[in-house]
Amino acid sequence: MSDTSLSFPDDTHWMRRALALAAGVLSSTRPNPRVGCVIVRDGQVLGEGATQPPGGPHAEISALRDAAARGHDVAGATAYVTLEPCSHHGRTPPCADALVAARLARVVVAMGDPNPLVNGRGLRILREAGIAVSAGLCQDEALALNVGFIARMSRGTPWAWLKLAASLDGRAALHNGVSQWITGPEARADGHQWRARSCVVLTGIGTVRADDPLLDTRLAPTAHPPRKAVIDSGFSISETARLFDGTPVLIFAARADAGKAQRLAARNAQVVLLPQADGQRVDLPAVMQWLAADGVNEVHVEAGPILSGALLAADCVDELLCYSAPMLLGDAAPMAALPRLDSLEGVRRYAYTDVQRVGEDLRLRAHLPSRWQALRDRVALNLSS
């Protein structure tokens, strides 16, 4: 715990219930964070809720309204919230003020909010009103649910994971381009779950040409699908590509074509020009900065080896989401086209965070430890009084 306030034996139980509520709205709150709130007195839930889609109530307001609908007065109760209550007027009034008005006795918060409009102010409002505050409980679990939001608020870029599917020897496709299907149906469905929780599904023009993908979430249906995005430096994408299905599409290009851009705009596609200094290729770090400025928290990358390697080389990937199939492909295309190394000193080292069996395949997750620690530090710094 990061505060001097007392903790109680049941705190972890109730905070994990709040985390479960937040996990239930993974795909519907963007660009806002996923937050859960549970209000408890004497071991009884008085009200609970999660953040609703933008414009709707935040988790704390949902929980207070739920308590009122149940006929409960929450005065003197404890609220468990997975993120520091907001302290500013946005689409909705400040949640910290609502908790004070409800005359709660205690608020337990999982992590701080580095949003410059909050950044410790929510906790100060509660303390100054005489509410006991405990902070830092289940912090890592809360951060995992909102790693993209915390990244966007603290460093100005989204959290990006690179989805890879490969054989045991790290091969993603035959040299003739055949890659369907290396992994099984369960792994493909699981991959769509990760698409669904992201704000943007990003691929490259090579994949569009080779596979003509839909880039949708048909195996994990959601009422709030992510946007699609394509890195297409030469702006050569076919206007008949299947991804132009009326849903929003972003095309990052280094070359302009006003007529083509106008025709694609009629199909809900937006062209964003972000050339590198050479004017020939898209500036990949600038893509991530542009996405963050547009409210994107998490980016799910599914691309061929060239773009995958380029994103890794440009330091645009925070996490690897790898599906490993129990087969050997031998002389075949790699997962990512990376430069040759002559020394292990140049190796980028990841930390495994999860390994699970998915059907006949394995799903491995690994992130850059320094990136994760930097975000942990940001949410923890906001918890002191």
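Student: What makes the link between the side chains of Arg371 and Asp315 a polar contact?

Tutor: In this predicted model, the two side chains are 2.5 Å apart at that contact. A polar contact needs N or O atoms within 3.5 Å. The value of 2.5 Å meets that cut-off, so the pair counts as a polar contact.

Student: Where is Arg371, and which residues does Arg371 touch beyond its sequence neighbours?

Tutor: Arg371 is in helix H12, residues 369-381. Leaving aside neighbours within four places in sequence, Arg371 is in contact with Arg155, Trp159, Asp315, Val317 and Asp318.

Student: Why is Arg371 called buried or exposed?

Tutor: Its relative accessible area is 17%. Buried means under 20%. Therefore Arg371 is buried.

Student: Which residues does UniProt place under "binding site"?

Tutor: The unreviewed UniProt entry gives Ser179, Leu215, Arg218 and Glu302. Of these, Ser179, Leu215, Arg218 and Glu302 are included in the lining of the largest pocket.

Student: How do you know whether Leu215 is buried or exposed?

Tutor: Leu215 has 4% relative accessibility. The cut-off for buried is under 20%, so Leu215 counts as buried. Leu215 is found in the loop between helix H8 (205-211) and strand E9 (227-231). Not counting residues up to four places away in sequence, Leu215 touches Arg195, Val201, Thr203, Lys228, Ala229 and Leu243.

Student: And Arg218: what makes its label what it is?

Tutor: Arg218 has a relative accessible area of 47%. Buried is under 20%, exposed is over 50%, and partly exposed is in between. Therefore Arg218 is partly exposed. Arg218 lies in the loop between H8 and E9.

Student: Which contacts does Arg218 make?

Tutor: Leaving aside neighbours within four places in sequence, Arg218 is in contact with His192 and Arg195. The side chains of Arg218 and Asp216 are also joined by a polar contact of 2.4 Å.

Student: Turn to the five-stranded open sheet. Why are E2 and E5 called edge strands?

Tutor: The strand order is E2-E1-E3-E4-E5, with mixed pairing. Strand E2 (44-50) and strand E5 (132-135) each pair on one side only. Neighbouring strands of this sheet are turned by 15 degrees against each other on average, direction ignored.

Student: How do you know that E1 and E2 pair?

Tutor: Six bridges join strand E1 (residues 36-41) to E2. Pairing takes at least two bridges, so E1 and E2 pair. They run antiparallel. One of the matches is Gly36, whose bridge partner in E2 is Ala50.

Student: What lies across this sheet?

Tutor: Helix H2 (residues 59-69) lies across E1, E2 and strand E3 (78-81). H2 runs at about 135 degrees to E2. Its buried residues are Ala59, Glu60, Ile61, Ser62, Ala63, Leu64 and Ala67. They pack against E1, E2, E3 and helix H3 (95-101).

Student: What comes just after H2, and why is Gly71 called buried or exposed?

Tutor: Gly71 comes just after H2, with a positive phi of about 85 degrees. Gly71 lies in the loop between H2 and E3. Its relative accessible area is 65%. Exposed means over 50%, so Gly71 is exposed.

Student: What makes E15 and E16 a pair?

Tutor: Strand E15 (residues 351-358) and strand E16 (residues 361-367) share seven bridges, in the antiparallel sense. At least two are needed, so E15 and E16 pair. Ala351 stands opposite His367 in E16. The two strands form a hairpin with two residues between them. Gly359 in the turn has a positive phi of about 65 degrees.

Student: Which residues other than glycine have a positive phi?

Tutor: Among them are Cys138, with phi near 60 degrees, and Phe235, with phi of about 50 degrees. Cys138 is in the loop between E5 and helix H5 (139-145). Phe235 is in the loop between E9 and strand E10 (249-253).

Student: Why are Cys138 and Phe235 called buried or exposed?

Tutor: Cys138 has a relative accessible area of 9%. Phe235 has 2% relative accessibility. Buried means under 20%. So Cys138 is buried, and Phe235 counts as buried.

Technical notes:
Residues are numbered from 1 along each chain as its sequence is written. This is a predicted model: local features need pLDDT of at least 70, side-chain atom pairs count only at pLDDT 80 or more; totals for chains, interfaces and linings use all residues. Side-chain values use heavy atoms; hydrogens and water are left out. UniProt positions are given in the numbering used here, feature names are shortened, and annotations may be inferred rather than shown by experiment. On a 1 Å grid over the protein atoms alone, a cavity is a set of points where a 1.4 Å probe fits but cannot get out, and a pocket is an open set with protein on both sides within 12 Å along at least five of seven lines; lining residues have an atom within 4 Å of a point. Helices (H or I, at least four residues) and strands (E, at least two) are DSSP runs, numbered from the N terminus. Buried means under 20% relative accessible area, exposed over 50%, partly exposed in between (1.4 Å probe, protein chains only). Contact means heavy atoms within 4.5 Å. A polar contact is a pair of N or O atoms within 3.5 Å; within protein, one must be able to donate a hydrogen and the other to accept it, and residues adjacent in sequence count only if both atoms are side-chain atoms. Axes are lines fitted to C-alpha atoms, for helices over the stretch in contact, and angles run from 0 to 180 degrees between N-to-C directions.
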